[in-house]
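Me: I'm new to this one and would like to get my bearings. Can we walk through it in questions and answers?

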Amino acid sequence: MTAPFLRGFYATVIIEYLRIEKEVLLVSYKQWEREFFGQKLVIENGKMAKQAHGAILLRYADSVLLTTVDGNEETMPGTDFLPLTVEYQEKFYAAGKIPGGFLKRENRPSDNAVLSARIIDRPIRPLFPEGMRNEVQVIVTVLSADPDNPPDIWGIMGASLALNLSEIPFEGVVAGVQVGYVDGRYVIFPSAEELKRSELDIVVAGTKHAVTMVEGEAKEVSEKTMIGALEAAHEAIKSLVAFQEEILAEFEIKKWELEIPTAPEGFLEAFGELVDRDKLAGLMLTPGKHAKDEALKEYRDQLIEDFIQKVNDRWSEEEIMENVGYLKDFYHDVEKEVMRRRIVQDDVRMDGRKHDEIRPITIELDLLPRAHGSALFTRGETQSLGIVTLGATMDEQIVDTMFEEGSKSFMLHYNFPPFSTGEVKKLRGPGRREIGHGHLAERSLKNIVPKDEDFPYTIRVVSEILESNGSSSMATVCSGSLALMAAGVPMKKHVAGVAMGMIQEPDKTVVLTDILGNEDHMGDMDFKVTGTRDGITAFQMDVKVSGVSGEIMMRALEQAKVARLKILDLMYQAIDTPRTTVSDYAPIIKTIALPYEKIGEIIGPGGKVIKKLSSDYDSTIFIDDEKSLAKIVGNDHAKLERLEKVIEAIISEAKPGQIFEGKITREEAYGFFVELAPGKTGLLHVSKMGENSKEFLKSHKLGDIIKVEVSGIDQMGKISLKLEGVEVTEEQRRERKPYPRNESRNRNERNRK
């Protein structure tokens with residue numbers, strides 16, 4: 001009796017527990033819906049990933065993202081930066097695909113995933129409390145991907161909500177949108193079809209107060225058009241931020257109390273009395289990056305030694321050395337204060353330039369004899385070696401992402417080796433910085449690079465950064481454009497880039513042209529603008545202050561335009577038009593338009609014809625069914641020209657008067673059968689060989705290439721030929737007497753012997 005009773009009791013307890021748990025789950029689960037930009041946006045919290053510190057499920061149209069955030073409440077020891085990592089996980093099942101290749105599971109992040117992670121990282125990083133050193137991880141997982149509504153940009157809003165709903169300290173609400181410019185109007189989150197017609201494609205992120213990040217490309221738009229896009233984007237961002245604030249108002253979240261270590265009382269004040277700001281300002285003008293850094297470091301170390309001697313009655317040397325990190329941070333803050341004061345008050349920068357001056361530029365071409373194109377672009381202490389390699393269709397980059405399958409024929413890769421800054425680091429694969437900078441430079445050039453039908457090469461540009469002191473990605477754009485023209489790529493225009501900065505004080509705002517690394521680090525804004533003489537081709541911006549007015553932004557863009565035009569003038573002086581020929585070491589590529597119905601004849605049964613042509617002419621033939629094109633690739637001009645004529649012979653209908661170079665494939669007593677093209681043969685009768693027909697017969701044999709002209713085509717489609725230049729009378733046309741049969745037989749027997 002006892003056992004059944006206990007079983008029933010336990011069953012009742014379990015059922016009651018599950019009922020209570022279900023009620024708790026129903027209470028904790030929340031959902032919000034709102035329509036934005038023509039689609040429904042759904043936010044969910046409390047259903048998935050409940051053990052994460054913060055989790056949001058966001059759905060926009062058919063795109064679904066799960067964003068989770070986790071952090072460590074204890075400060076990460078020995079760090080002087082915020083250890084934030086953002087991961088963007090592309091899942092192929094999200095687009096209903098299985099990964100290509102040998103491995104059928106997602107592996108390392110693709111370049112697209114890295115770029116998406118950077119887009120999410122950049123707007124949220126400045127919103128963590130200053131001095132926070134807690135490890136934080138944001139993971140955005142794509143569960144469903146709608147090609148017309150890409151999910152990556154919504155990761156910014158997902159991260160903002162998840163961080164604000166977690167216990168992790170976070171100071172702000174941020175969102176991002178995509179902007180296009182289609183048929184003279186701005187479109188928020190344009191469709192894939194609209195993007196094809198759009199003059200720009202940018203991602204803009206910001207708070208309700210200001211735009212804080214921009215990333216994207218354009219088709220030579222004006223500065224006014226770009227400002228309009230930022231204004232339209234900010235209005236859209238405000239609506240998304242307001243929706244987030246409504247959601248957050250329903251929660252009471254207790255944030256961690258950060259333990260940010262501080263220096264002993266009076267410690268920094270005593271050290272500050274020793275710092276001579278005028279001397280510091282003079283040291284900042286030391287020529288050369290390394291010499292300047294060394295002079296500033298020596299002065300700092302001397303100050304610390306003096307400080308130890310002066311305050312040994314208050315703090316021991318051991319206490320001072322335990323807190324020496326605070327002294328170094330304080331010294332850095334004074335450096336920043338002096339640098340900003342001199343720029344705002346005296347218009348003198350760390351290298352002595354005025355606010356709108358560009359560093360000295362030198363350009364050299366054709367440094368590498370075997371490369372197909374090369375250019376060395378040096379701006380101050382930043383140097384990029386641009387190298388162009390031309391390849392064939394087989395060299396195209398295979399693209400296999402959630403949304404795309406296919407290939408691309410233009411690539412730009414950016415390398416940043418440690419020696420470029422005089423450092424020692426392990427050489428590894430490209431990091432997020434290299435991928436991001438390379439992507440920006442590629443977007444800057446790609447709309448100016450000729451399309452495949454105009455230049456049938458695969459193009460790879462590599463930028464080797466040999467020196468770096470700010471603006472290396474913009475030097476990459478310049479060296480890449482120069483190297484492309486030097487390689488004979490028919491670029492219609494040069495593209496140049498310049499990195500701009502800003503110092504914003506309460507009484508004055510100064511925009512800086514062509515910023516140094518320190519000006520980027522200690523300034524309030526970093527934005528990069530690339531373009532031609534006719535407009536902007538790419539734009540990237542990160543703002544560190546709470547707001548930048550449209551007036552200041554317009555002034556910055558106009559100042560950037562002036563600088564860009566000066567750089568372009570120097571580039572045109574170095575090489576003003578593309579070389580008319582490609583390098584002798586580049587492959588030779590010819591393109592032939594094909595009638596679609598003739599593609600099968602070129603390929604032949606089982607590929608027999610195309611294989612034979614490739615073998616006979618030492619070439620490779622690529623057939624593009626979609627564009628009805630044939631690309632022939634080789635290294636011998638003469639052979640490629642003959643192959644081109646053969647292919648043209650295959651696809652053309654023979655007409656009287658047409659000239660061919662054909663091969664003798666059969667010999668009879670009455671003449672030669674000549675192959676004009678695979679599957680296309682005509683008869684050269686002795687009567688159409690001219691007066692010296694017997695000598696011609698004797699002097700030619702099977703396999704010889706001869707030049708013939710189509711003299712006629714009968715009702716059965718049989719082709720009659722004559723030797724080029726031979727006049728055939730009407731009587732000769734009618735006269736088709738063969739040699740006697742016995743002579744024909746004897747002739748064939750002689751040939752077999």
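Reply: Sure. UniProt positions are given here in the numbering used for this chain, feature names are shortened, and annotations may be inferred rather than shown by experiment. This is a predicted model, where local features need pLDDT of at least 70 and side-chain atom pairs count only at pLDDT 80 or more, while totals for chains, interfaces and linings use all residues. Residues are numbered from 1 along each chain as its sequence is written, and side-chain values use heavy atoms, with hydrogens and water left out.

Me: Which residues does the UniProt annotation "domain: S1 motif" cover?
Reply: Over that stretch the chain is 10% helix and 54% strand, with the end C-alpha atoms 9 Å apart; helices (H or I, at least four residues) and strands (E, at least two) are DSSP runs, numbered from the N terminus. The annotation comes from an unreviewed entry and covers residues 657-724.

Me: How many salt bridges are there?
Reply: Side chains of opposite charge can pair when their charged atoms come close. Here a salt bridge means a side-chain nitrogen of Lys or Arg within 4 Å of a carboxyl oxygen of Asp or Glu. By that rule the count is 46.

Me: How far apart are the closest N and O atoms of arginine 197 and glutamate 193?
Reply: Both residues lie in helix α4 (residues 192-197), four residues apart, or about one turn of the helix. Arginine 197 is partly exposed at 39% relative accessibility, where buried means under 20% relative accessible area, exposed over 50% and partly exposed in between (1.4 Å probe, protein chains only). Glutamate 193 is partly exposed too, at 45%. Their salt bridge has its closest N and O atoms 2.9 Å apart.

Me: Lysine 590 and glutamate 644 meet in a salt bridge, but how far is it from N to O?
Reply: The N to O distance of this pair is 3.8 Å. Lysine 590 sits in strand β22 (residues 588-593) and glutamate 644 in helix α17 (residues 637-651), so the pair ties together parts 54 residues apart in sequence. To repeat the value, it is 3.8 Å.

Me: Is lysine 598 buried or exposed?
Reply: Lysine 598 forms a salt bridge with glutamate 601, with the closest N and O atoms 3.4 Å apart. Glutamate 601 is partly exposed, at 38% relative accessible area. Lysine 598 has a relative accessible area of 11%, so it counts as buried.

Me: Which residues are linked in a network of salt bridges?
Reply: This network joins arginines with aspartates. Its members are Asp351, Arg353, Arg359, Arg379 and Asp514.
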